[in-house]
Amino acid sequence: MVPLALESVRWYAFLFSAKDIQKRFNCVDIHASAVIESAVLEGTPAGFKAKEFVDSGKTVPEDIISECILERLSQADCKKNGWVLHGYPTTRAQATTLQTAAAKFVFKFLIAIQFFSVAVAGGGGHICLYFVVLSAPIAAVRERAQQWCLDSGSGDFYNLDWISPPEWVMQEKIQYGSWEDDMSHYNKNYSKVVSSFRANTRTIDAAQPYSTVRDCALDFLRIKARSNAPIIPRVIVLGTPGSGKTTVSKAFAEIYNAIYVNVDDIAMTAVASNSKIGNALKPYMKRNMMLPDALLTTLVTNRLWEDDCVTQGWVLDGFPMTRAQAEGLQHAGFLPRLVAILKTSHQVSIERLSMRCIDPLTGDHYHLTRNPPLTEAIKNRLQHHPSDKEDAINRRIQDAEAFLPEIRDFYKQ
């Protein structure tokens, strides 16, 4: 979670945090910008991709930056001793790359810091177990940013406001001219990056003396982590018609930044695209027949294997609807972390569904009592779906009540 371009972060104060952590945990100290330079000089596969951008003075694309970082973290010294990484991740996409790399590697610590980032690993991999956010008032950060100096003899950096150099150090003041741009990048990406690791986050007041901040961070790293894997949401929301499945599913997807998956939506997309599975679904959908379990399960599992669902997680709205579908999901390797089954009375379901309608002109949805149209003209052209008639609603409720108990029992096992 760094608000800075990689080429401008090489001399920040959290080099000191990285060095302290490196000494305490005996791991490899890695700077993100240096990784890019080394990859280019060594001619690694990722470095070869980055070279044309570095040579032309252009910003290296995020995917190539991530390739260089993961390439370095995969080397023998990192696998053996673990590592401290600062200057990465700077965006949500980079944070997600670290998480999804967990299929191949395992790591212990990631500390992301306001204005700077430090990642610490033990075991050579990329699953974030510790995420520390250092926060300070904007005025303090602005003042601190202007107080950098370099020891021209050793190449070490110091901050006159926060980490004073020894008396014998030959100080060379460094001008930080990109502060406004860096702050803009930070504000744009902060919440997105933090949300990737919110389950294991600790916020520390960075306005305190450096030694206090350092000790608080190290104390947090000594706490046993909650998990050795990224928390990727996998949620199933079930219930009778009108119980609020779609509303709750979309709310879960928004809260967890997961992908909302609705079977009806992906079935219609498959039919419209004339895909093989879509063509198989057409006869059933034209006759308004129940779709076969095998076809539905294939349709859903294909969607869950797509990159966005794999990296961000998913929320399934109203699926599985039968035990056979639940078994098909499990056989394909999709085990939910949470199964929510919603219940409501028949009367409430009928009231919610029978008064739903749509404006055929705009596609807007309305409810005659909860979200009525604003004008009489809109009201007069509203249409009801045939499945929202009371007798059709009752049949749908009966079908759901017949299958929900066996699905509940399946996931209780």
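These legends describe close-up views of a predicted model.

**View 1. A four-stranded parallel sheet.** The sheet is open, has 4 strands and pairs them in parallel, in the order 11-12-10-13. Strand 11 (259-262) and strand 13 (338-342) each have a single partner strand, so one side of each lacks a neighbour in the sheet. On average, neighbouring strands are turned by 20 degrees against each other, direction ignored.

**View 2. Pairing of strand 11 with strand 12.** The two strands run parallel and are joined by 4 bridges. Strand 12 spans residues 314-317. Its Trp314 stands opposite Ile259.

**View 3. Helices packed on the sheet.** Helix 10 (residues 245-256) touches strand 10 (234-239), strand 11, strand 12 and strand 13. The direction of helix 10 makes about 165 degrees with that of strand 10. Helix 18 (residues 390-412) lies across strand 10 and strand 13. Helix 18 runs at about 150 degrees to strand 10.

**View 4. The two sides of helix 11.** Val263, Ile266, Ala267, Ala270 and Val271 are the buried residues of helix 11 (residues 263-272). Seen down the helix axis, they fall within an arc of 140 degrees, so they line one face. An α-helix has 3.6 residues a turn, so residues three or four places apart point the same way. Asp264, Thr269 and Ala272 are exposed on the other side of helix 11. The buried residues pack against strand 11, strand 12, helix 12 (276-286) and helix 13 (293-304).

**View 5. The ends of helix 11.** At the start, a side-chain oxygen of Asn262 comes to within 2.9 Å of the backbone nitrogen of Asp264. Just after the helix, Asn274 has a positive phi of about 55 degrees.

Key: Residues numbered from 1 in each chain as written. Predicted model: local features only at pLDDT ≥ 70, side-chain atom pairs only at ≥ 80, totals over all residues. Heavy atoms only, no water. Pairing = 2+ DSSP bridges. Axes fitted to C-alpha atoms, helices over the stretch in contact; angles between N-to-C directions. Contact = heavy atoms within 4.5 Å. Buried < 20%, exposed > 50% of the residue type's maximum accessible area, 1.4 Å probe, protein only. Arc of directions from axis to C-beta. Polar contact = N/O pair within 3.5 Å; in protein donor to acceptor, adjacent residues only side chain to side chain.
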